[in-house]
Amino acid sequence: EAELKIEPPPPPDRFDTEHYRLKIDVLAEGLNQPWGIAFLDERTAVFTEHQGNLRLLVDQQVVDQPIANTPQAMIQPNGDRKGYLDIAADPNYAENGWIYLVYAHEAENLVENEEIKRSMVRVVRGRIKDMEWLDEEIIYSAPEDSYTPVRDHYGSRLVFDREGYLYFSVGDRHLMIQAQNLGRPEGKFHRIHPDGRIPDSNPFSAMPLTG
């Protein structure tokens, strides 16, 4: 008897939401857990792969070579690197070239009786020139005593508002109760200047972050 093979239907190219009908265009396939994307100009976009790569999309074609010299993603217990999250271009990217990256950063050292390094969200910015990440600056880094050994629930989206402030989210890191603790980074939206300074108009700008 001939085996009956049923091919799955092709994925829809349109989706209806509560307010919009969205048309879906596939830009690239065969990627390794793509997470965030930022469009730099009409021809170029930069995107993250969760394993720790920055890649370019030029004229709808993925550049094979990842961007070199990018921050090291955290290392999983099995040795795999993971942890790149969102990416955003500065509102004045055409003039200053800044690109913002958020990723899971590992604590510098193990603490006593610790088998897995702790990690937390870190925000950096840099520039891409000749396929290399340059001029890196740390924009946000939480105190190491707020890092945890949990390897997920990072949250981490980057958004600029019309006034030029940078917003980023930090997930609950499996410490949901800490979302109500103003001295902890988890479970919150943070607002900063693009260079990392804390705006005086932030409602809790005087609250220090502690572990």
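This tour moves from the whole chain to two sheets and then to three individual residues.

**The whole chain**

Begin with everything displayed, bearing in mind that this is a predicted model. Coloured by secondary structure, the protein chain shows one helix and 15 strands. Its C-alpha atoms fill a box of roughly 70 × 50 × 40 Å along the principal axes.

Switch to a surface representation. The accessible surface of the protein chain comes to about 13200 Å², and carbon and sulfur atoms account for 49% of that area. Of the 211 residues in the chain, 38% are buried. Among contacts with a separation of 6 or more, 48% are made by residues 24 or more positions apart.

Next, colour the charged residues. The chain carries 22 positive and 36 negative charges, and the mean positions of the two sets are 2 Å apart.

**First sheet: β3 to β6**

Select the strands β3, β4, β5 and β6, which form an open sheet in that order with antiparallel pairing. The edges are held by β3 (34-39) and β6 (61-62); each has a single partner strand, so one side of each is left without a neighbour in the sheet.

Now restrict the selection to β4 (residues 44-49) and β5 (residues 53-58), two antiparallel strands joined by six bridges. One point to label in this pair is Thr44, which stands opposite Val58 in β5.

**Second sheet: β9 to β12**

Hide the first selection and display β9, β10, β11 and β12. These four strands also form an open sheet, ordered β9-β10-β11-β12, with antiparallel pairing. Its edge strands are β9 (84-89) and β12 (132-141), each pairing on one side only. From one strand to the next, the twist averages 30°. As a general point for viewing the backbone, strands of a sheet pair through backbone hydrogen bonds, either parallel or antiparallel.

Start at the β9 edge. How many bridges join β9 to β10? There are four, linking β9 to residues 99-106 of β10 in the antiparallel sense. Two positions can be labelled here: Ala88 stands opposite Tyr100 in β10, and Ala89 has Ile99 of β10 as its bridge partner. Although β9 is an edge strand, five of its six residues are buried, so β9 is largely enclosed by the rest of the structure.

Move across to β10 and β11, which pair in the antiparallel sense over eight bridges. Ile99 is again a useful landmark, since its bridge partner in β11 is Gly126. Strand β11 is mostly covered, with eight of its eleven residues buried.

Continue to β11 and β12, an antiparallel pair with seven bridges. Arg122 has Ser141 in β12 as its bridge partner. Then select the hairpin between these two strands, where two residues lie between them and Asp130 takes a positive phi near 50°.

**Ser119**

Centre the view on Ser119, in strand β11 (residues 119-129). Is this residue buried or exposed? At 0% relative accessibility, Ser119 counts as buried, because the cut-off for that class is under 20% relative accessible area. Not counting residues up to four places away in sequence, Ser119 touches Met74, His105, Glu106, Tyr147, Thr148, Val150, Arg151, Tyr154 and Arg173.

For a longer distance, pick the C-alpha atoms of Ser119 and Lys23. These residues are 96 apart along the chain, and the atoms are separated by 37 Å.

**Met74**

From Ser119, step to its contact Met74, which is found in strand β7 (residues 74-75). Met74 is buried, with a relative accessible area of 1%. Which residues surround it? Leaving aside neighbours within four places in sequence, Met74 is in contact with Asp80, Arg81, Lys82, Ala104, Glu106, Ser119, Arg151 and Tyr154. Glu106, Arg151 and Tyr154 can be kept on display, as they also appear among the contacts of Ser119.

The C-alpha atoms of Met74 and Met120 are separated by 9.6 Å, with their positions 46 residues apart along the chain.

**His193**

Finish at His193, in the segment after β15 (188-192). This residue is buried, with a relative accessible area of 18%. Beyond neighbours within four places in sequence, its contacts are Ile139, Tyr165, Ile198 and Pro199. Selecting these four residues together with His193 completes the tour.

Conventions:
Residues are numbered from 1 along each chain as its sequence is written. This is a predicted model: local features need pLDDT of at least 70, side-chain atom pairs count only at pLDDT 80 or more; totals for chains, interfaces and linings use all residues. Side-chain values use heavy atoms; hydrogens and water are left out. Buried means under 20% relative accessible area, exposed over 50%, partly exposed in between (1.4 Å probe, protein chains only). Contact means heavy atoms within 4.5 Å. Accessible areas come from the Shrake-Rupley method with a 1.4 Å probe; for residues, only the protein chains shown count as cover. Lys and Arg count as positive and Asp and Glu as negative; His and the chain ends are not counted. The place of a charge is taken as NZ of Lys, CZ of Arg, CG of Asp or CD of Glu. Two strands pair if DSSP finds at least two bridges between them. Axes are lines fitted to C-alpha atoms, for helices over the stretch in contact, and angles run from 0 to 180 degrees between N-to-C directions.
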